Amino acid sequence: MINPSDEQAKAIAAVMRWLRAPSAKPWFYLAGYAGTGKTTIAQVIAAEVRGGAVHFAAFTGKAASVLRRKGCAGASTIHRLIYKPVGEENNRPTFVLRNPEDLRGALLIIDECSMVNEKLGADLLSFGIPILVLGDPAQLPPVSGEGFFTRGTPDVLLTQIHRQAEGSPILRLATMAREGRYIPMGKAYNPSGGGMAVVLKWDDVADRSKLTAHQIIVGTNATRIALNRTIRESLQDCGALPRTPPNTPWLPAPGDKVICLRNKHSRGLLNGSMWRVDESDLSGNETIVTMKVSSLDDDAAVPLEVMVPFQCFSGDKSYKFPMHLARNYEEFTYGYAITAHKAQGSEWQNVLIRNQGFIFGEDRHRWTYTAITRASENLILAN
């Protein structure tokens, strides 16, 4: 049982008043900076709710697993919560929205709500269950088409760092970034809270750190493409990945880490979700990469067969996925290094950041803050 601060107690009371109001709006936006205890507050509210089940969910499987680790029992992806499989089309599973009677409860609690776009938000509301959404307004603005629940002013904004989080070196750096303060180079942060955050130059980052990081976060697509190519070459050189044919060095190999770049709810695919390649081949006059992939975010997700235009992997910086291909094909690329925008909604234990926040002008501090808060235990921030 927690002993909430005055700010947290007021937030809990505000949410409970909303739930009891007969004419209340269908959702409540509880916003807060990293370390303010949003998830803890949500658990207290869930324990006080009467009259039905409380469902926890997040956009990505990674975020759902973080919720479960924090004590939110049964937390799942939003997709698994509100969609159901209805069979296969050309050996490819398809999903449809569940019927309202399939999902009953007193409250839905949705974490990382900035990732929820208009369609997904409308589908959530269709069940007629009150929705408490949790989000961090200091993160980067959501990309076009996202942020259904975060368009307006938060109903409650938490700003006071929770005392249990004050010792986190990662949170210390995140707070410095959010407040626009200078983060000194060549310094390691390791207070009593455990974990480690190191600030150094990119040229001083060891190759081993690049290969062993659970996730690398960068600012630009050009950096992402170059770094993914370098990492794949290193993994092939040390035998961790099989070598691909010389004429198609970009072709995904079994064991490669890839990221989905476009939502396709009918297939259970989410923008930003991470997958491992099990099999791959070229088809369609060698213009389409056919892959069997397994989720790296969600242990319960079924393997999928996806078909991706080869340009998504070849490093063609000018290539833009044509919308007319979206019905028949999927959009994936390599996921060893990803942009901070694609990292939103997920969390990894060990994160390496190629700090390119300066590229984003007025949003440079928000970029750095967003990237830093993707790490849960160990962080290298490289300028």
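This passage describes the sheet, the nonpolar cores and the aromatic contacts of a predicted model.

An open sheet is a good place to start. Its six strands follow the order E9-E10-E19-E18-E11-E17, and their pairing is mixed. At the edges stand strand E9 (187-189) and strand E17 (337-339), each of which pairs on one side only. Neighbouring strands in this sheet are turned against each other by 20 degrees on average, with direction ignored. Within the sheet, E11 and strand E18 (residues 348-354) run parallel and are joined by three bridges. Readers who wish to find this pairing in the structure can look for glutamine 215, which stands opposite valine 351 in E18. Helix H8 lies across E11, E17 and E18, and runs at about 170 degrees to E17.

The nonpolar cores come next. In soluble globular proteins, nonpolar side chains tend to be buried together. Here, the largest nonpolar core has 35 residues, and Met291, Phe313 and Phe332 are those with the most contacts inside it. Several elements each supply at least two residues of this core, including strand E11 (215-218), helix H8 (221-237), strand E13 (274-283) and strand E14 (288-295). H9 and E16 also each supply at least two. Setting aside residues up to four places away in sequence, phenylalanine 332 touches Met291 and Phe313, and its other contacts include Val258, Leu269, Trp275 and Val306. Another core, of 31 residues, lies apart from the largest one; among its members are Ala174, Ile217, Ala343 and Ile372.

Turning to the aromatic side chains, the structure holds seven aromatic pairs. One of these is edge-to-face and joins phenylalanine 313 to tyrosine 334, with 5.1 Å from centre to centre and 65 degrees between the planes. Because phenylalanine 313 lies in helix H9 (residues 311-314) and tyrosine 334 in strand E16 (residues 332-334), the pair ties together parts that are 21 residues apart in sequence. Both phenylalanine 313 and tyrosine 334 are buried.

Phenylalanine 360 and tryptophan 367 form a stacked pair, with centres 5.8 Å apart and 15 degrees between the planes. The relative accessibility of phenylalanine 360 is 23%, so this residue counts as partly exposed. Tryptophan 367, in turn, counts as buried because its relative accessibility is 0%.

Two further aromatic features can be located in the model. Trp27, Phe148 and Phe149 form one aromatic cluster. Elsewhere in the list of ring contacts, tyrosine 33 has the charged end of arginine 178 sitting over its ring, 4.0 Å from the ring centre.

Methods:
Residues are numbered from 1 along each chain as its sequence is written. This is a predicted model: local features need pLDDT of at least 70, side-chain atom pairs count only at pLDDT 80 or more; totals for chains, interfaces and linings use all residues. Side-chain values use heavy atoms; hydrogens and water are left out. Rings of Phe, Tyr and Trp (its six-membered ring) pair if their centres lie within 6.5 Å; planes under 30 degrees apart count as stacked, over 60 as edge-to-face and the rest as tilted. Helices (H or I, at least four residues) and strands (E, at least two) are DSSP runs, numbered from the N terminus. Buried means under 20% relative accessible area, exposed over 50%, partly exposed in between (1.4 Å probe, protein chains only). A charge sits over a ring if NZ of Lys or CZ of Arg is within 6 Å of the ring centre and within 35 degrees of the ring normal. A nonpolar core is a set of buried Ala, Val, Leu, Ile, Met, Phe, Trp, Tyr and Cys residues joined through side-chain atoms within 4.5 Å. Contact means heavy atoms within 4.5 Å. Two strands pair if DSSP finds at least two bridges between them. Axes are lines fitted to C-alpha atoms, for helices over the stretch in contact, and angles run from 0 to 180 degrees between N-to-C directions.
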